[in-house]
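Me: I would like a close look at a single part of this structure, taken slowly and with its surroundings. Please take the open sheet, and then set beside it whatever else can be said about the rest of the chain.

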Amino acid sequence: MSKTDELRSRAERALVGGVSSGWNYLLDGPTFVGNAAGPYLWDVDGQRHIDFIMGWGSLLLGHDPPVLRRALMQALENGFLFGYETPLHVELAQTLCSQIPGVARVRLANSGTEATLHALRIARAWSGRTRVLKFEGHFHGLHDQLLYATDSSPRLGALNADGSIEPVAGSAGVPEALAPLCVIAPWNDVEAFQRIASAHRHDLAAVILEPIAFNMGCVPPVPKFLETIRAWTADAGVALIFDEVLTGFRVAFAGSQELYSVTPDLVCFGKALGCGMPIAAVGGRADMMETLAPRGPVEMSGTNTGRVLTVAGTVAALRELSQPGFYAHLNELTDVFVSGMKELLARHNVPAYVTGLGGRIAIYFGMTEAPLNLRAIDAGWNRQFHTAFYARARLKGLYGFLNPLPWSPEAITLSVAHSRDVLNSTLSRVDDVLHEVPYRHAD
Ligand code: PMP
């Protein structure tokens with residue numbers, strides 16, 4: 001019996017499903033890792049895998065980067081939870097306020113879920129309104145307020161006459177009473193947005209979006225889409241929240257704001273902000289942020305928030321991400337991989353649309369044009385081939401390579417530790433997979 005099998009049977013009797021976080025259960029069950037470094041995971045049986053999950057997007061510097069390790073060891077000399085601020089907290093906050101447009105003040109949190117929950121609370125308190133408009137296929141964490149029309153929703157919602165979409169909850173146990181607070185619009189449809197938002201002009205507190213829809217692969221905004229939403233929300237007095245939990249510090253140091261020159265009122269960060277540290281943040285306009293206690297009446301606090309160890313690691317990570325050429329290098333790796341994949345897929349006559357930004361690379365098997373939204377992906381994506389491909393890639397040591405989700409493919413996540421050699425080795429393994437699993441059109 002392998003160590004993995006032995007651990008699986010023990011784990012399943014204690015951890016629900018053998019996992020400590022539901023989405024760690026990939027198609028072939030829980031994985032038990034011994035150690036990890038750079039782009040690699042070694043399982044408890046000593047098998048090496050190239051990791052394409054990378055801490056669900058957090059590990060932009062790779063696993064166990066020496067700069068973070070050193071910072072953590074040094075910080076540990078002084079303690080790990082003070083529950084109070086340190087000079088490092090001030091350095092972190094000043095970096096965010098000086099480098100990110102639209103961030104005049106910042107408050108820390110522990111996860112992306114916490115960040116979007118509180119950003120919405122701030123928007124509601126600031127505006128005195130309740131409803132929120134979100135886009136189909138965008139994910140903002142698992143809290144009850146925004147968990148509609150996501151990849152874990154059991155079905156796609158019915159279309160309403162005005163083009164809005166029925167809010168189908170992404171989990172059992174979400175109170176039905178909350179659903180009407182969430183107005184769902186299709187992504188990348190300027191007219192639908194204007195129509196739907198205008199119908200709710202006087203009761204919307206916020207519009208929240210992933211500026212690049214990474215939770216359905218990689219679906220950037222069509223030209224003028226973000227600008228239209230920005231202009232409309234400013235005019236209507238509705239808070240515009242960018243959920244940059246995945247895009248932040250990945251597509252550029254200042255995230256999508258830097259790419260598209262559109263500044264939201266509030267922004268949520270997580271994942272690559274800490275490159276593996278359990279940290280997140282909400283930032284934004286001073287008047288909105290100062291609704292937070294102790295300045296205002298909105299509560300946002302937590303036992304584990306701003307732990308000094310986490311903050312020390314994050315400061316070290318941001319120093320590394322600020323190095324000249326960091327993003328040019330990441331983009332080069334992304335482009336090399338995207339063009340290598342395109343060439344390979346063409347050679348194997350696999351119809352596919354491949355695209356990527358900031359090391360998040362989406363491959364839509366069966367599609368030849370850029371999808372604009374979740375329904376286009378659902379209609380065109382060859383889920384069957386994708387799933388067969390994924391299972392075979394897993395056997396070639398490609399871990400979590402294009403994890404298939406119910407309504408769209410998950411993107412592949414690279415880090416700067418995925419060197420050209422690692423990417424070439426990946427392409428050659430994908431070549432083998434495509435020889436062994438030839439493309440088949442969906443039934
Ligand atoms: N927002 C976005 C855009 C995300 O991708 C995620 C996580 N995948 C979250 C929020 C939630 O973050 P966390 O898992 O840290 O709670």
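Reply: Two strands count as paired if DSSP finds at least two bridges between them. This is a predicted model, and in it an open sheet of four strands has the order S1-S2-S3-S13, with mixed pairing. The edge strands are S1 and S13, the latter covering residues 398–399, and each of them pairs on one side only.

Starting from the S1 edge, strand S1 (residues 33–37) and strand S2 (residues 40–43) pair in the antiparallel sense over four bridges. Within this pairing, Ala36 has Leu41 of S2 as its bridge partner. S1 and S2 form a hairpin with two residues between them, and Gly38, which sits in the turn, has a positive phi of about 55°.

S2 is in turn joined to strand S3 (residues 48–51) by three bridges, and these two strands also run antiparallel. Leu41, the bridge partner of Ala36, has His49 as its bridge partner in S3. S2 and S3 form a hairpin as well, with four residues between them, and Gly46 in that turn has a positive phi of about 85°.

The pairing sense changes at the last step, where S3 and S13 run parallel and are joined by two bridges. Here Ile50 stands opposite Leu398 in S13.

Beyond the sheet, helix H5 (residues 190–199) has Ala192, Phe193, Ile196 and Ala197 as its buried residues. Seen down the axis of H5, these buried residues fall within an arc of 115°, so they line one face of the helix. They pack against strand S5 (131–135), strand S6 (182–185), strand S7 (204–209) and helix H6 (225–236). The face of H5 turned away from this buried side carries the exposed residues Glu191 and Ala199. At the N-terminal end of H5, Asp189 acts as a cap, with a side-chain oxygen 3.3 Å from the backbone nitrogen of Glu191.

A histidine in another helix can be described in a similar way: His89 lies in helix H3 (residues 87–99). Buried means under 20% relative accessible area, and His89, at 8% relative accessibility, therefore counts as buried. Leaving aside residues up to four places away in sequence, His89 touches Tyr84, Leu108, Gly306, Val308 and Val311.

The ligand, finally, is surrounded by a set of residues that includes Ser111, Gly112, Thr113, Phe139, His140, Gly141, Glu210, Asn215, Asp243, Val245, Leu246 and Lys271. Among these, a polar side-chain atom of Thr113 lies 2.5 Å from an oxygen atom of the ligand, while an N or O atom in the side chain of Asn215 is 2.9 Å from a ligand oxygen atom. Asp243 approaches a nitrogen atom of the ligand, with a polar side-chain atom at 2.7 Å. Taken alone the ligand exposes 390 Å², and the protein buries 80% of that.

Terms used. Residues numbered from 1 in each chain as written. Predicted model: local features only at pLDDT ≥ 70, side-chain atom pairs only at ≥ 80, totals over all residues. Heavy atoms only, no water. Buried < 20%, exposed > 50% of the residue type's maximum accessible area, 1.4 Å probe, protein only. Arc of directions from axis to C-beta. Contact = heavy atoms within 4.5 Å. Polar contact = N/O pair within 3.5 Å; in protein donor to acceptor, adjacent residues only side chain to side chain. Near = heavy atom within 4 Å. Areas by Shrake-Rupley, 256 points an atom, 1.4 Å probe, with all protein chains shown as cover.
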